Amino acid sequence: VVTVGAAGSNHVRATALHGADQGLKTIGIVVPQPAHGYVRRNLLAGWAAGCRFEPVDGNADAVRSFVRLWAKSLRTEGRPPYVLWAGGSTARGVLGYVEAAFEIDAQVKAGLMPEPEAIFVPVGSAGTMAGLVLGCRLAGLASETVGVRVYERTMANAWAVAWLARRALALLRALDPSVPSVSLSPRSLRILHGYCGRGYAHSTEAGTAAIRRARDLEGLELEPTYSSKAMAAFSDYVSSAPRRRRPALFIHTYNSARLTSLVENCPGPEVLPRPLQSYFD
């Protein structure tokens, strides 16, 4: 499996972990990002899970590395690798959050929670929002999925979300024609662009305040790249109109898996390619 992400990508590390369970080798093409504690943890955990990291300088180099690895595998093994795009944001990858929307619907129908007026999620590679948008419409929820952009606008936008959601819907309808067709126009989607700050993985004042507030008030652990920025937007939304007709829902996307044993089994940063060792300086 060849996939791509930032140096501290949860997705790349998760691909390595689950790929190893299936006897698959993972090659992670990783682009630079600001240093945070979770970056070091994910790099070591990914290596311990068997990931071979290929550091590159940026998105254009990542695409070239994809092509090179694809050709090399075809030449040496007689077949191409399985290519998994950033964040697992593919038609199949989107289905996880389609299912999440049906879980929300089931909890609403069971009386465990009111139907949310809005559901807040971060938008990076767009798969999470695409799945929730599609799932809510298939489940019949009136909740609006609100995306909070955390990546470059050329990649994280309403058109990307709609495109992924349509692909996932086409896959579902190919498997089961009884799945209804629903409207998925990008013009109907709301993405907030004012919380990204300087760019991907760059901390913001609002995000840092959200991390502190979530920890002190709710015991939630957020991180500076995705969940803190979504929480900052969520908090502003709630405080702007505290008497809304229905409450809003925050989807906490931060990884909850325990990585301690993996990190402890890693000899140290010296096993990583030299460009990645700089995150430990």
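User: Is Ala-201 buried or exposed in this model?
Analyst: The model is a predicted one. Ala-201 sits in the loop between β7 (190-192) and α7 (205-218). Buried means under 20% relative accessible area. Ala-201 has 0% relative accessibility, so the residue counts as buried.

User: What is phi of Ala-201?
Analyst: Most residues other than glycine have a negative phi. Ala-201 is not a glycine, yet its phi is positive. The value is near 70 degrees.

User: Which loop holds Ala-126, and what is its relative accessible area?
Analyst: Ala-126 also has a positive phi, about 85 degrees, although it is not a glycine. Its place is the loop between β5 (118-123) and α5 (127-139). The residue is buried, because its relative accessible area is 3%.

User: How many helices and strands are there in the protein?
Analyst: Helices and strands are both present. One of the helices is α4, residues 91-109. Another is α9, residues 260-264. The count is ten helices and eight strands.

User: What is the radius of gyration of the protein, and what does the globule rule give?
Analyst: The protein has 281 residues. For that length the two values are close, so the protein is as compact as a globular protein of that length. The radius of gyration is 19 Å, and the globule rule gives 19 Å.

User: What box do the C-alpha atoms fill?
Analyst: The box is taken along the principal axes. Its dimensions are roughly 55 × 50 × 35 Å.

User: What share of the residues is buried?
Analyst: A residue is buried when its relative accessible area is under 20%. The share is taken over the 281 residues in the protein. Buried residues make up 49%.

User: What part of the accessible surface belongs to carbon and sulfur atoms?
Analyst: The accessible surface of the protein comes to about 14,200 Å². The part that belongs to carbon and sulfur atoms is 53%.

User: Among contacts between residues at least 6 apart in sequence, what percentage joins residues at least 24 apart?
Analyst: One pair shows how residues distant in sequence can lie in space: Ser-261 and Ala-45 are 216 residues apart along the chain, with C-alpha atoms separated by 8.6 Å. For the protein, the contacts in question are those between residues at least 6 apart in sequence. Of these, the share joining residues at least 24 apart is 77%.

User: Where does Ser-261 lie, and what is its relative accessible area?
Analyst: Ser-261 lies in helix α9 (residues 260-264). The residue is partly exposed, because its relative accessible area is 46%.

User: How many disulfides are there?
Analyst: A disulfide needs two cysteine sulfur atoms within 2.5 Å. Cys-136 is buried, at 2% relative accessibility. Cys-196 is buried too, at 3%. By the distance rule, the count of disulfides is zero.

User: Which residues make the nonpolar surface patch of about 350 Å²?
Analyst: One of its members is Met-155, in the loop between β6 (144-149) and α6 (158-175). Met-155 is partly exposed, because its relative accessible area is 36%. The patch is made by Val-63, Val-67, Trp-85 and Met-155.

User: How many salt bridges does the structure hold?
Analyst: Among them is the pair Arg-215 and Glu-221, at 3.3 Å from N to O. Arg-215 is partly exposed at 40%, and Glu-221 is partly exposed at 41%. In total, the salt bridges number six.

User: Which residues are joined into one network by salt bridges that share partners?
Analyst: The side chains of Glu-54 and Arg-52 meet in a salt bridge of 2.8 Å, N to O. Glu-54 is buried at 17%, whereas Arg-52 is partly exposed at 32%. The bridges of the structure include Arg-215 with Glu-221. Those that share partners join Arg-52, Glu-54 and Arg-68.

User: Which helix holds both Asp-105 and Lys-109?
Analyst: The side chains of Asp-105 and Lys-109 meet in a salt bridge of 3.0 Å, N to O. Asp-105 is buried at 9%, but Lys-109 is exposed at 65%. They are four residues apart, about one turn of the helix, and that helix is α4 (residues 91-109).

Terms used: Residues numbered from 1 in each chain as written. Predicted model: local features only at pLDDT ≥ 70, side-chain atom pairs only at ≥ 80, totals over all residues. Heavy atoms only, no water. Buried < 20%, exposed > 50% of the residue type's maximum accessible area, 1.4 Å probe, protein only. Patch = residues over 30% accessible without salt bridge, like charges linked within 9 Å, V, L, I, M, F, W, Y side chains within 5 Å. Areas by Shrake-Rupley, 256 points an atom, 1.4 Å probe, with all protein chains shown as cover. Salt bridge = Lys/Arg side-chain N within 4 Å of Asp/Glu carboxyl O. Helix = DSSP H or I, 4+ residues; strand = E, 2+ residues; numbered from the N terminus. Rg over C-alpha atoms; globule rule 2.2 N^0.38 Å. Contact = heavy atoms within 4.5 Å.
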